[in-house]
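Visitor: I would like to learn how to read the features of a structure. Where should I start?

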Amino acid sequence: MAINWTEAQIEEIVASVMKSLTKEAPATKGEYDGAGYNGKKYIGVYTDMKDAIDAAESGYKAIRAMSLEQREKVIDIIRDLCRKEASTMASLGVSETKMGRVDHKTAKHMLVADKTPGTADIQAQVKTGDYGLTLTEMAPFGVVGSITPSTNPSETVICNSIGMIAAGNGVVFNPHPNAIATSNYAVDLINRASQLAGGPRVLVSSVVKPTLDTADIMYKDPRIRLLVCTGGPGVVKSVLSSGKKAIGAGAGNPPVIVDDTADIRKAGKDIIDGCTFDNNLPCIAEKEVFAFNSVATELIDAMKENGAYLINSEQASKLASIVLVEKTNPKTGIKSKIVNRDCVGRDAKVLLEKIGITVCDKIRCIICETDFNHDFVQHELMMPILPVVRVKDIDEAIDLAVKAEHGNRHTAHMHSKNIDNLTRFARAVETTIFVKNAPSYAGIGFGGEGHTTFTIAGPTGEGLTSAKSFTRKRRCVLSESFRII
Ligand code: COA
């Protein structure tokens, strides 16, 4: 049974456990003994991936021995620490990755603390009939290997940990190489919560220097029963080709359609609010707009009133040559454009400076009118740059928006009061998330109903992951009894 602890109760538990901890538990084998990050030593971080997996396996055994009430106690303390340390993790994330905004990252941590489901998400099913009773329970996989991104680093570690612990799994993390300090801060937070709840010193683990090689050790270790990957296309592909059960959350390129029945003033504000959330890092954020020609000018005006700066096509070409760079595939020799890592998640003001435009702090988004083939439409930039493409009608809007989404089936948005148009687009685009008449973040529970996650598993079908995504179904049959009617 899940218990909802009040803040006062949690404070009391924390105080009593702190009192009982006369000395810190000794470090486990292989735990990183160096100075740590930013002068702070983290618990549960290992030099060697093998030792990290050993520790996660011990964590798994400890979780299996816990009652649901004890698991929920650990989770409640994780939520509490996440709220209290939200701004610390947000600042650390921005300073380490140079991406995103501290205020929005703080809000994302609060969202994770408040809206990540715990043990209540795990519901057994029962079937009774002439032959008796059959029970289906949601069991843990064992030790989960989790690959986490640089875009939402500590948010993903904490959200994954809550769900995976609630489901009864152990977890070893291989964080993105550009967000190690922030991700491992979150690993340390989970372990501090475990100790405060009377659990083991190391409940979840990670490595000091994660690389694709350490990830590979994780993929190949027989003790890892499930891989969960949130990241860019390369790392998601590597997990899905590992030969193990895997949950993959990868790229999107969410289009927005605005038709002539929409509340245009509201649509302009909602789109800019969503597109600029954490400087466009969430993979659900608005990436390109298809607006009916009859409302496009009014929409652009509404966007400008809400912090958007309109650039012309010449300026857009100049900006495109900076935010996208050409890369040659070493194996095939094929050239393609990829996002310039130094521009991802940057403030609009900083990006505009790169093309010689100085603006005030109120400017939070760069908008421009483009055609469908423009790089800004075709590439997922993850920056507050939003192209607007004029379309003549709903047929053209749906056709182009579906093409721009590139079959990722991730997220799409629409502003309209026409139920037929909304239904047609939702059916055609087949995305995991479809948001109507709201900023994109409503789709992950921020100002919208439903739980939150930063691991949106479109390719493997789990959708917005939660504790039950990290379970395997087990059946128990009792023949000819326990049907009591
Ligand atoms: N552990 C180990 N290696 C990792 C890793 C992890 N957790 N995550 C990524 N890597 C690897 C990549 O495979 C890549 O290796 P390669 O150069 O050999 O191909 C390398 O580290 C660089 O990673 P990548 O993230 O692709 O490049 P980048 O740091 O230049 O790009 C972003 C940054 C933000 C553009 C990119 O990470 C991205 O597209 N992120 C989207 C993340 C996301 O949130 N997706 C899911 C949403 S539901």
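**Reading the ligand site and the sheets**

Guide: Start at the ligand, where an N or O atom in the side chain of threonine 151 is 3.0 Å from a ligand oxygen atom. Keep in mind that this is a predicted model.

Visitor: Which other side chains have a polar atom facing an oxygen atom of the ligand, as histidine 176 does?

Guide: For histidine 176 the distance from a polar side-chain atom to a ligand oxygen is 2.7 Å. Asparagine 178 also takes part, with a side-chain N or O atom 3.3 Å from an oxygen atom of the ligand.

Visitor: How much of the ligand does the protein bury?

Guide: The ligand taken alone exposes 950 Å², and 77% of that is buried by the protein. Two elements each give two or more residues to the surrounding shell: strand 4 (143-148) and strand 5 (170-175).

Visitor: Which residues come nearest, and what classes make up the shell?

Guide: There are 24 residues around the ligand, and the nearest are Thr148, Thr151, Asn174, His176 and Cys283. Sorted by class, the shell holds 11 nonpolar, 12 polar and one charged residues.

Visitor: Now the sheets. What holds the strands of a sheet together?

Guide: Strands pair through backbone hydrogen bonds, in either a parallel or an antiparallel arrangement. In this structure, one open sheet has seven strands with parallel pairing, in the order 11-14-15-10-9-16-17. Strand 11 (308-311) and strand 17 (433-436) are its edges, each pairing on one side only. On average, neighbouring strands of this sheet are turned by 25° against each other, direction ignored.

Visitor: How many bridges join strand 10 to strand 15?

Guide: Four bridges link strand 10 (residues 288-292) with strand 15 (residues 385-391), and the two run parallel. To place the pair in a viewer, find phenylalanine 292, which stands opposite valine 391 in strand 15.

Visitor: Which strands does helix 10 touch where it packs on the sheet?

Guide: Helix 10 (residues 264-275) touches strand 9 (255-258), strand 10, strand 11, strand 14 (365-369), strand 15 and strand 16 (411-415). The direction of helix 10 makes about 170° with that of strand 9. Helix 15 (residues 394-404) lies across strand 9, strand 10, strand 15 and strand 16, at about 175° to strand 10.

Visitor: What is the strand order in the open sheet of three strands?

Guide: The order is 2-3-20, and the pairing is antiparallel. Strand 2 (125-129) and strand 20 (471-479) are the edge strands, each paired on one side only. From one strand to the next, the twist averages 20°. Nine bridges connect strand 3 (residues 132-140) and strand 20 in the antiparallel sense. Within that pair, threonine 134 stands opposite valine 477 in strand 20.

Visitor: How many residues lie between strand 12 and strand 13 in their hairpin?

Guide: Six residues lie between them, and glycine 333 in the turn has a positive phi of about 75°. Strand 12 (residues 324-328) and strand 13 (residues 335-339) run antiparallel and are joined by five bridges. Threonine 328 is found opposite lysine 335 in strand 13.

Key:
Residues are numbered from 1 along each chain as its sequence is written. This is a predicted model: local features need pLDDT of at least 70, side-chain atom pairs count only at pLDDT 80 or more; totals for chains, interfaces and linings use all residues. Side-chain values use heavy atoms; hydrogens and water are left out. Two strands pair if DSSP finds at least two bridges between them. Axes are lines fitted to C-alpha atoms, for helices over the stretch in contact, and angles run from 0 to 180 degrees between N-to-C directions. Contact means heavy atoms within 4.5 Å. A residue is near a molecule or strand if one of its heavy atoms lies within 4 Å of it. A polar contact is a pair of N or O atoms within 3.5 Å; within protein, one must be able to donate a hydrogen and the other to accept it, and residues adjacent in sequence count only if both atoms are side-chain atoms. Accessible areas come from the Shrake-Rupley method with a 1.4 Å probe; for residues, only the protein chains shown count as cover. Ala, Val, Leu, Ile, Met, Phe, Trp, Tyr, Cys and Pro count as nonpolar, Asp, Glu, Lys and Arg as charged, and the others, Gly among them, as polar.
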